[in-house]
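Please look over the points below with the sequence and the model open beside them. They are meant for a colleague who has not met this structure before.

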Amino acid sequence: SNIAKGKGGIMTISTEEIGKLKDRYLKELYSDVRKEQRIDKEYIDDTFKVEDVTQPHKIYRLGTGREMVDAPAEQIVTANPEVFVEAKNREATTRLSKFFNNLIAELKRQNPNPFKETVKNKLGRGESYVRVFHSERWIANQTGMPFIFQVLDPMVIYGSPDEIENGIPSKIMVSYERQMDEVIMRYPLWTNPKKGEGKKLATWFEYWDSDTRYFEADGEEVLRQPNIYGIPPFARQYSGFGRRSEDGNLASLIVSDIRYSRDLVAL
């Protein structure tokens, strides 16, 4: 958990190159996407402005935007998802089916429900991401699940348009505000460069590609190692409401169910 350099692996990108990609993705490539997602969020949270209603009239908010996201997720996701496996013999089929259905049961117990959250993200954000990583608890004690599925808000993830395979971007960046105490606990050699500014949150940044994983907090590197997974451990799906544009603008591809219904929500 200390600041570390990778040993025995190959990292093909420099810190300077990561910095340039960070600026390009966060400030340019995803600028229109985040603008549209922030507007959509106002309609989902029912905080959008209504200019035409003035005193003594009152605004009554009906939660239509939230219902457009939550109601389909409840209907689309079955209450009892199951996995069916076909293997060479009955014993293997039974054993594998039991293994995967036990995993499904474990996932259903996660809070929030990852199946429903994935659908809600597609409807409300225009895309969804699932992050998969190994379980230290399972490695140590063989208890629980061998891997963990984490559904993150797509608004903090910046994936490259190109993919290694269907749904796996070749590069992933993650950026959000993280509790300083949590960063210090996991990375005790972090110097907390902005501690004199009275901040309680640190700007957390991750970079992943097939060779490298790199983390920093408030601009200071806290970890740089070879990526043991061999691919970025993220799977992406688009909502299907958008399409690729001739100019490559991601805002045309990443489209929520809210964007073209905002006027209806505001009625």
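**Notes on a pocket and a helix**

1. The second largest pocket has a volume of about 310 Å³, a pocket being an open set of points on a 1 Å grid over the protein atoms alone, where a 1.4 Å probe fits, with protein on both sides within 12 Å along at least five of seven lines. The volume is the space filled by probe spheres set on the points.

2. The model is a predicted one, in which local features need pLDDT of at least 70 and side-chain atom pairs count only at pLDDT 80 or more, while totals for chains, interfaces and linings use all residues. Residues are numbered from 1 along each chain, and side-chain values use heavy atoms, without hydrogens and water.

3. The lining of this second largest pocket (residues with an atom within 4 Å of a point) comprises 14 residues, with Pro 114, Phe 115, Thr 118, Val 130 and Gln 237 nearest its centre. Helix H5 gives the largest share, five residues.

4. Helix H4 (residues 90-108) has 19 residues, which at 1.5 Å a residue should span 27 Å, and its end C-alpha atoms are indeed 27 Å apart; the expected span is 1.5 Å times one less than the number of residues. Helices are DSSP runs (H or I) of at least four residues, and strands (E) of at least two.

5. The buried residues of H4 (under 20% relative accessible area, 1.4 Å probe, protein chains only) are Ala 92, Ser 97, Leu 103, Ile 104 and Leu 107. Seen down the axis of H4, they fall within an arc of 125°, so they line one face of the helix. These residues pack against H5 (114-125) and strand S2 (147-152), contact meaning heavy atoms within 4.5 Å.

Note on methods. Buried means under 20% relative accessible area, exposed over 50%, partly exposed in between (1.4 Å probe, protein chains only). The arc is that of the directions from the helix axis to the C-beta atoms.
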